[in-house]
Amino acid sequence: MPRFEAERLQDLDEVFRWYELQLLLLNEVDRQLPQLLLGDFLPEIYRDESLDELRKQFASARKHLQYAAMLHLLTTAEALLRLDFEHLSKRKTKPAIFRRFRKIGRERGEKIRLEEDILDTWIEVYPETARSIREFKGVVPLRDWLAHGRYWNPKIGRREYEVGDVFDIASEMLNRMQDAG
Amino acid sequence: MKSTQSDEVKDFLLSRQQHAPGNENGGKERRREWIAAVKRLYQKVTDELLAESIAQGLVTVSRVQKEIKEEYLGTYRVPELVLDIGGETVRFSPKGRNIIGAQGRVDLVGELDTITLVLDTAEDWSIVLARVPRRAVALNGKTLAEALRRVMR
């Protein structure tokens, strides 16, 4: 049984590699479906299904994998931002933002808001990060939509996002933040 | 009358004006260049990289219009290039001009996966074969074949 403990080391690259591996495996089996069906190599529960039915299930699996990967990337990015907030409000690694974060931390305690307290403060203190943070803020509603069941139309920055987009946007923002100051 | 307005304020307002959605001149020009670059990409694919296969009837080509809305560029229509390869459809679908680290992006969308193509200069397109670690290679017959294998059944 997995142990549920605080993970202090988060890694967007690792999440994206996980997604790529899952997609690769899924697609490899999808490509082999006709042979697997002919050769009776499929697990028992799939043996009565037609090729079309199986392909629909694989397409659905890809869609859910994409949702899961986007949520995983977005929550990992949020964890990185919050861990960074914690670090920067205690140490003068980036003096310009240290005082602001320390003040916010004292005022809000454990109720630090991702957008208002963290992202907007980054934009105010380091305007060079603004573009990449705005892109990320455009994708944040997707996190809520994915985490809470997708039953409404989210107001997101772009008409559509792929998993790669979410990864690119989050990575770019974190890189810009690291370079800032 | 002598102006009392500071140069800093003037510069700031000028930069805002240049980026305002209403200022169509810069946006129109960038949009025109971007759409031209997309069309040149399609020409390279159909007239060079897949020319023989198209002539042999292995690949059928069509185009459909797509609408894109982008900051500073406004809303515009750009073609998607649709390839029918043995009954399976693959689309070159433009994503936009405002891309970090590139001058534009078109996705190659298949039934199993999507691969990103980025415009490096006005003429040069690269295929992003991996994001971690990032591996982008120049678009040519070999790399297009690799990309098609990835996105198709």
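A:Lys92 sits in the loop that runs between helix H2 (51–88) and helix H3 (95–108) of chain A, where helices (H or I, at least four residues) and strands (E, at least two) are DSSP runs numbered from the N terminus. This residue is exposed, with a relative accessible area of 58%; buried here means under 20% relative accessible area, exposed over 50%, and partly exposed in between, with a 1.4 Å probe and protein chains only. Together with A:Arg99, A:Arg102 and A:Arg106, A:Lys92 forms a patch of positive charge on the surface. Patches are made of residues with over 30% relative accessible area and no salt bridge, like charges being joined within 9 Å and nonpolar side chains (Val, Leu, Ile, Met, Phe, Trp, Tyr) within 5 Å. Lys and Arg count as positive and Asp and Glu as negative, while His and the chain ends are not counted, and the place of a charge is taken as NZ of Lys, CZ of Arg, CG of Asp or CD of Glu.

I should say at once that this is a predicted model, in which local features need pLDDT of at least 70, side-chain atom pairs count only at pLDDT 80 or more, and totals for chains, interfaces and linings use all residues. Residues are numbered from 1 along each chain as its sequence is written, chains are lettered from A and ligands numbered from 1 in the order in which they are written, and side-chain values use heavy atoms, with hydrogens and water left out. The predictor gives the complex an ipTM of 0.86 and a pTM of 0.88. Chain B averages a pLDDT of 89, with 84% of its residues scoring at least 70; pLDDT is the predictor's confidence in each residue, from 0 to 100.

A second patch, this time nonpolar, is made by A:Leu21, A:Leu24 and A:Leu25 and covers about 280 Å², the accessible areas coming from the Shrake-Rupley method with a 1.4 Å probe, and for residues only the protein chains shown count as cover. Within it, A:Leu25 belongs to helix H1 of chain A and is partly exposed at a relative accessible area of 45%.

Turning to salt bridges, a pair counts when a side-chain nitrogen of Lys or Arg lies within 4 Å of a carboxyl oxygen of Asp or Glu, and by this rule there are 30 over all chains. Which residue partners A:Asp30? The salt bridge is with A:Arg55, at 4.0 Å from N to O, and the pair links distant parts of the chain, from helix H1 (residues 12–38) to helix H2 of chain A, 25 residues apart. A:Asp30 is buried, with a relative accessible area of 0%, whereas A:Arg55 is partly exposed at 24%.

Between chains, B:Arg131 pairs with A:Asp168, the closest N and O atoms being 2.9 Å apart; this contact runs from strand E6 (residues 125–131) of chain B to helix H6 (residues 163–179) of chain A. B:Arg131 is buried at 16%, and A:Asp168 is partly exposed at 26%. In chain B, B:Arg105 forms a salt bridge with B:Asp107, and both residues are buried. Salt bridges that share partners place these two in one network with A:Glu135, A:Arg158, A:Glu160, A:Asp165 and B:Lys95.

Finally, the backbone. Most residues other than glycine have a negative phi, and most peptide bonds are trans. A:Asp40, in the loop between H1 and H2 of chain A, has a positive phi of about 60°. For A:Arg150, phi is near 60°. The peptide bond from B:Val132 to B:Pro133 is cis, with omega near -15°.
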